[in-house]
Number of protein chains: 2
Amino acid sequence: MENPRELFQIMTRRFGLLNKYCCSVGGCDISLAQSHLLYEIDRRHKPSMQEVAEALGTEVTTFSRQVQSLIQMNLVKKTPDPNDRRVYTLSLTAEGNMIAGMIDQQMNDYLDEVFSYMTEFEKETVLRSVKLFNEAMGKSSRCCAPVTG
Amino acid sequence: MENPRELFQIMTRRFGLLNKYCCSVGGCDISLAQSHLLYEIDRRHKPSMQEVAEALGTEVTTFSRQVQSLIQMNLVKKTPDPNDRRVYTLSLTAEGNMIAGMIDQQMNDYLDEVFSYMTEFEKETVLRSVKLFNEAMGKSSRCCAPVTG
DNA sequence: AACTAAAACTTGCAATTTACAACTATAGGT
DNA sequence: ACCTATAGTTGTAAATTGCAAGTTTTAGTT
């Protein structure tokens, strides 16, 4: 377990499974991809399609269709940008917002449980570490830069 | 950025993109799902199909076909278990091992670069934190337990 | 003003991936 | 011998994806 990649791989796999699991809990039943979409739209301020697609590492063409189905489910709203009529900005509907909130709640509930196996100090250290690591990843010149907040 | 889920979500997204990126680098060109398969088979000692499928959170039926294509690509080997003839154990071929090694190398190279933006102390803290967090996740009674090493 | 190139997004279509149900074969208990 | 459970595979239909080609709008050039 000295291999850094190993550590991160395990962690992200577990977290990914949690994400998947939280999609079909408490009345909401959406796919993992859709959950990521809601999360990312929620997080940003009226993002364009391109912006979100790039953040998620998804082909724009695929993304376009994913958005369409979320619109049909009445979770996402697509508004023409008055400044540039090629662009559409995305936002969550009231219902989309509610579902995103429920997922977030469940995720944090789970994380709380995980943190309950640590001391308060350890928890703080872990959170600071993740934050630090995210910042370092942001500085990296290599791949994965687009995910920046 | 005080939301724990946010921190982990960003990190895992970035790491996921890195994983994806590393699939198509240096002569190897496989899908992300295939990379995960190789990784997990490599990590375990002659695992059964069920075992790996469960670790990855994949339907066994889907998994069965994924393995088939990796066998066709001559990256994975499937051996009948002498003790229980219902079971097949999985292992990497020489070529599969090489590709898994290359991906691992690239991932660690990238992580090295990320760590170069931190002090040695911070790096150690981050690695210990991730390890600690993984252990805590392992203790959790809720979902995602199967991923245990 | 007309022309051209590029950007943002969508659609057609073919190929891959996936999921559920039904199947085979082996194991294990009674 | 019989019944049930487990490991894995296959059929088939549906969902996801990716590339190429399309539309519309913007911006730069002459």
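Let me begin at DNA strand D, where a phosphate oxygen is 3.0 Å from an N or O atom in the side chain of B:Gln68. A second phosphate oxygen contact involves chain A: a polar backbone atom of A:Arg85 is also placed 3.0 Å from a phosphate oxygen of DNA strand D. The bases are reached as well, since a base nitrogen of this strand lies 3.0 Å from a polar side-chain atom of A:Thr61. I use the term polar contact for a pair of N or O atoms within 3.5 Å; within protein, one atom must be able to donate a hydrogen and the other to accept it, and residues adjacent in sequence count only if both atoms are side-chain atoms.

Please note that this is a predicted model, in which local features need pLDDT of at least 70, side-chain atom pairs count only at pLDDT 80 or more, and totals for chains, interfaces and linings use all residues. Residues are numbered from 1 along each chain as its sequence is written, chains are lettered from A and ligands numbered from 1 in the order in which they are written, and side-chain values use heavy atoms, with hydrogens and water left out.

Which elements give two or more residues to the surface near DNA strand D? They are H4 of chain A, together with helix H3 (49-56) and H4 of chain B. Helices here are DSSP runs (H or I, at least four residues), numbered from the N terminus. Around DNA strand D there are 19 residues, and B:Met49, B:Gln50, B:Ser64, B:Arg65 and B:Lys78 come nearest. A residue counts as near a strand if one of its heavy atoms lies within 4 Å of it. Of the strand D atoms within 4 Å of the protein, 70% belong to sugar or phosphate, and the rest to bases.

I turn now to DNA strand C. This strand is surrounded by 19 residues, the closest being A:Met49, A:Gln50, A:Ser64, A:Arg65 and A:Lys78. The side chain of A:Ser64 has an N or O atom 2.6 Å from a phosphate oxygen of DNA strand C. From chain B, polar side-chain atoms approach base nitrogens of the strand: that of B:Thr61 at 3.0 Å, and that of B:Arg65 at 2.8 Å. By class, the surface near DNA strand C has three nonpolar, eight polar and eight charged residues. In this classification Ala, Val, Leu, Ile, Met, Phe, Trp, Tyr, Cys and Pro are nonpolar, Asp, Glu, Lys and Arg are charged, and the others, Gly among them, are polar.

Next, the protein chains themselves. How many residues does each chain bring to the contact? Chain A brings 61 residues and chain B brings 61 residues, contact meaning heavy atoms within 4.5 Å. About 6,500 Å² is buried between the two chains, with carbon and sulfur atoms giving 65%; buried area is the accessible area (1.4 Å probe) that two parts lose on being put together, summed over both. In chain A, the residues that lose the most area to chain B are A:Arg5, A:Arg13 and A:Arg14, together 13% of what that side buries.

Six salt bridges are counted between chain A and chain B, each a side-chain nitrogen of Lys or Arg within 4 Å of a carboxyl oxygen of Asp or Glu. A:Glu40 forms a salt bridge with B:Arg13, with the closest N and O atoms 2.3 Å apart.
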